[in-house]
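Visitor: I would like to learn how to read the packing of helices and chains in a model like this one. Could you take me through it feature by feature?

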Amino acid sequence: MSVTHKTVIGLNLKNHLKAVAASLVAAVALTLPYIHVSGEKKSIPGAIVQLLSGSESTAFIWLLVGAAIFTAVSAALSLIGMVKMSKPLACIWQAAQALSLIFLGLLMFSTRMMLKEAGITDNFLNKDLGAGYWLAFVSSFAALVLVMKVTKTNVGYIALTILGVIWLFPILWIVLTAFRAEQGYYVGYFIPKGFTLDNFKNLFTNQSVLPFAKWWLNTLIVAACSCVINTLIILATSYVLSRTRFAGRKAFMNILMIIGMFPGFMSLIAVYNILKGIGLNQSLMALIVVGAAGAAMGYHVSKGFFDTIPKAIDEAAIIDGASRLQIFIHVTLPLAKSIIVYTVLGSFLATWSDYIFPSMLFGDKQSSYTVAVGLYWLTDFKRIDTYYTQFAAGAVIVALPIVILFIWLQRFYVEGLSGSVKG
Amino acid sequence: MKAATTKRNILTTFTKGDIFSKLSYILFGLSNIRNGQVLKGLIFMALEALYLVFMILTGGHNLAMMRTLGTSTQGMTFNESLGIYEVSQGDNSMLILLSGVVTLVITGFFLALLLFSVYSGEAARQAKELGRRPNTFLEDIKSLANENIHFLFLSVPVLGLSIFTVMPLIYMILMAFTNYDQDHQPPGNLFTWVGLKNFFTLLSGGDRLAATFWPVLGWTLIWGFAATFSCYFGGMILAMIINSKGIKHKKFWRTIFVITMAIPAFISLRVVSTMLGERGIFNVLLQQWGFTDHALPFLSNITWARVSVILVNFWIGVPVTMLMVSGILMNIPGELYESAKIDGAGPFTMFRKITFPYMWFVTTPYIISNLISNFNNFNPIYFLTGGEPLTLDYYKGAGKTDLLVTWLYKLTKDSNDYNLAATIGIIIFVISAIFTLVSFSRSNAMKNEEGFQ
């Protein structure tokens, strides 16, 4: 009872006893059955002994050892803390508890492989994990949460770590595949057996079969032109709609809204025919022109931003004799840096990843493909086995500059996004 | 003086105007010439003449042909002078419809010119009556950089939208009232007007089409709501965790999640799609890890596939909401939380009573526009499942995860049933319009309230 009355600076001892209890339960659970194998029950220490004495060795044994050691260590630390609690001790305990949880969690993913490698059983499923394992796992988790409360650490870290792993998993997979030496779509393992740069080289050397360099260049040209032209159009449109009042302004905005409610590619076939009529079909020019033609539809966000710039600035400039055009160029644009970046980034990304229109426009003309169409073409079921690693390499090459750009300019993007809600 | 300053609209300009004003309805620019703007008036006249010439030469014919969409089918005719059969060029219904629409849009511009010239002439007349000198042509050009900047800035967008958005849209809308399906493909065959028949077959016909349409619509609605709200709440919770006190390196955590957002959707979706395949890495790992002893049908079983697309969309959509919500969360006054804390509210109560109502209030328009864009969310479905698993219950090509938009796309691209595609497009428009109207009435209602303070 005396423990609850103690106070230690920097710690919150309200949950201390519960944490100790959970930590001890986890340690006790180590002696309970961990797996059921052919009617036989084994605890974690028992499994370690059996695996060490067995003829076949397995690389996974260090997971078992780690789980056992860290669970025991954190239980021991929790007992020491009962006697004398201090901030550094609590932090070490927390780290041990986190490691214990991580190792116990990894056991869930590795037990089957471990038993298989050791030649014990081949058809083990996680539903055969024993009650001792689940008790250890759950109480270790509870102990970690409670210890984090004692050290006043935000419990959100646990959630963020788990979510972060899930979110990065597919990305990690595609990066690993891009460097994978073994070709083919189907491989029975996550980490490649050999690493190579050939996938990247093949993309740029094998031009007759796979004109990736051409695709990349096509996309870059279109995206660069589009983002300049579209940005100018969007900024001009939203400036006029935000800062000036003229007959038909409301009507124009309503018409744009109504047009926007039709699914965009419903009319692609007609656009295609019109392009054919002016002789622009199957050319990159068509992508730029059509993109620019529809750009004004995306005026909302920047209009919302221009609305927030005080009107008094404009009025002062008008009194000084500036024309509207001068105000736009010399007053409004310099104030709208973040929205310019947002618009440029947005139109660059949109062109870069547009698939439907280019795929319809170019059909079989592979030399005009953009990366989106080309990479999709590579994952066709006829080609996926041959080109999967190249596809992964291409995906990395395409995504990397954008990711860097995006992370670098994230701030502007956030401002634009929150602007879109207000606007 | 007083009479001159009163504003005249397009009707009163005619009824109250002098003979020149009246005549300028027929001869554009006459009023401008009369009032000293000779060059401007002549330009109006020239444009009018150009339109009339166009209408006489081709436009009138184009419009007349639209009535039937062509009568002579392409076929073999006997050429008596040569004594052989040769292919006779028939009418091409598609081109007839297209040129008809072009003519309609040009006529629309002509009507705009009519309005513009009348207003312009009236302005010149009023200026003269007031004793001011009407603008010279050079001054008119200069005004483009100033009070008439909207003409300068909007000319390109209006032109672009007219040619590449409005014109194709009218064309496709008209197509919903024809029988331009796979059996009526020009140039070999003609298609013609059928009125509302497509709508009836799609909505209430007893055959496959109606049996496809309603389930696809149902799934589209389920998908829209599930995708929108899962991402909304997921993103909100994630943003709250990252923004909560005591989390260090907020930027680092945010960046981890933003990476998925920065990768172009077609790449991440294609990658995930290959990962979810029967021999994909997810199935390999799950079997290796001992979670299952057979491959799971992530994309091949109806229910699995539907859940998978919603989950993958969650993976892609949560970071967007997270970024957006982060900005708003910082705007919630901190005193609210402090006073709630003093009153003894726990974190859950604070979320329920402060954070959520605030967010809901600020983001309602965003949610509704997000809902509409999710109904039309082509990418996740097309790149992940391509609408599959296919089913025999549906009209050919449509699958169990197909949304209305992806079905529309398949109808245009694979089976050439343009009339059905156009009909579906119009139905999608109606659905979007309904949701937008609801959104408008709601946001108006909220503007009237004091709202969340």
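Guide: Let us begin with the term that the rest depends on: two residues are in contact if their C-beta atoms, placed from the backbone, lie within 7 Å. Please keep in mind throughout that this is a predicted model. In that sense of contact, B:L97, B:L98, B:V101, B:V102, B:L104 and B:V105 in helix 6 of chain B meet B:S162, B:V166, B:M167, B:I170, B:Y171 and B:L174 in helix 8 of chain B. By class, this contact of helix 6 of chain B with helix 8 of chain B has 11 nonpolar residues, 1 polar residue and no charged ones.

Visitor: At what angle do helix 6 of chain B and helix 8 of chain B pack?

Guide: In general, two packed helices are described by the angle between their axes and the distance between the axes. Here helix 6 of chain B, which covers residues 93-129, packs against helix 8 of chain B at an angle of about 125°, and their axes are 10 Å apart. That angle makes helix 6 of chain B oblique to helix 8 of chain B, and the crossing of the two is right-handed.

Visitor: Which residues make the contact between helix 12 of chain A and helix 8 of chain B?

Guide: The geometry is read in the same manner, so I shall give that beforehand: the axes of helix 12 of chain A (residues 284-294) and helix 8 of chain B (residues 149-175) come within 8 Å and cross at roughly 110°. The two helices are therefore roughly perpendicular to each other, and helix 12 of chain A passes helix 8 of chain B in a left-handed crossing. The contact is made by A:V290, A:A292, A:A293 and A:G294 on the side of chain A, and by B:G160, B:L161, B:I163, B:F164 and B:T165 on the side of chain B. These residues divide into 6 nonpolar, 3 polar and no charged.

Visitor: Is helix 12 of chain A mostly covered or mostly open, and what covers its buried residues?

Guide: Helix 12 of chain A is mostly covered, with 9 of its 11 residues buried; among them are A:L287, A:I288 and A:V289. What covers the buried residues includes helix 9 (212-243), helix 11 (268-277), helix 16 (337-353) and helix 17 (356-362) of chain A, together with helix 8 of chain B.

Visitor: How many residues of chain B are in contact with chain A?

Guide: The size of an interface is often given as the accessible area lost when the parts come together, but residue counts can also be read. In this model, 79 residues of chain B are in contact with 76 residues of chain A. The largest share of the side of chain B that touches chain A, 17 residues, comes from helix 8 of chain B, and that side as a whole divides into 54 nonpolar, 20 polar and 5 charged residues.

Visitor: How is burial read for a single residue, such as A:V150?

Guide: A residue is buried if 20 or more other C-beta atoms lie within 10 Å of its own. A:V150, which lies in helix 6 (residues 131-150) of chain A, counts as buried because it has 24 C-beta neighbours inside 10 Å. Leaving aside its neighbours within four places in sequence, A:V150 is in contact with A:L11, A:N12, A:L13, A:N15, A:H16, A:A19 and A:A90.

Note on methods
Residues are numbered from 1 along each chain as its sequence is written. Chains are lettered from A and ligands numbered from 1 in the order in which they are written. This is a predicted model: local features need pLDDT of at least 70, side-chain atom pairs count only at pLDDT 80 or more; totals for chains, interfaces and linings use all residues. Axes are lines fitted to C-alpha atoms, for helices over the stretch in contact, and angles run from 0 to 180 degrees between N-to-C directions. Helices (H or I, at least four residues) and strands (E, at least two) are DSSP runs, numbered from the N terminus. Angles under 35 degrees count as roughly parallel, over 145 as roughly antiparallel, 65 to 115 as roughly perpendicular and the rest as oblique. A crossing is left-handed if the near helix is turned anticlockwise from the far one by less than a right angle, and right-handed if clockwise. Ala, Val, Leu, Ile, Met, Phe, Trp, Tyr, Cys and Pro count as nonpolar, Asp, Glu, Lys and Arg as charged, and the others, Gly among them, as polar. A residue is buried if 20 or more other C-beta atoms lie within 10 Å of its own, exposed if 12 or fewer, and partly exposed in between; C-beta atoms are placed from the backbone.
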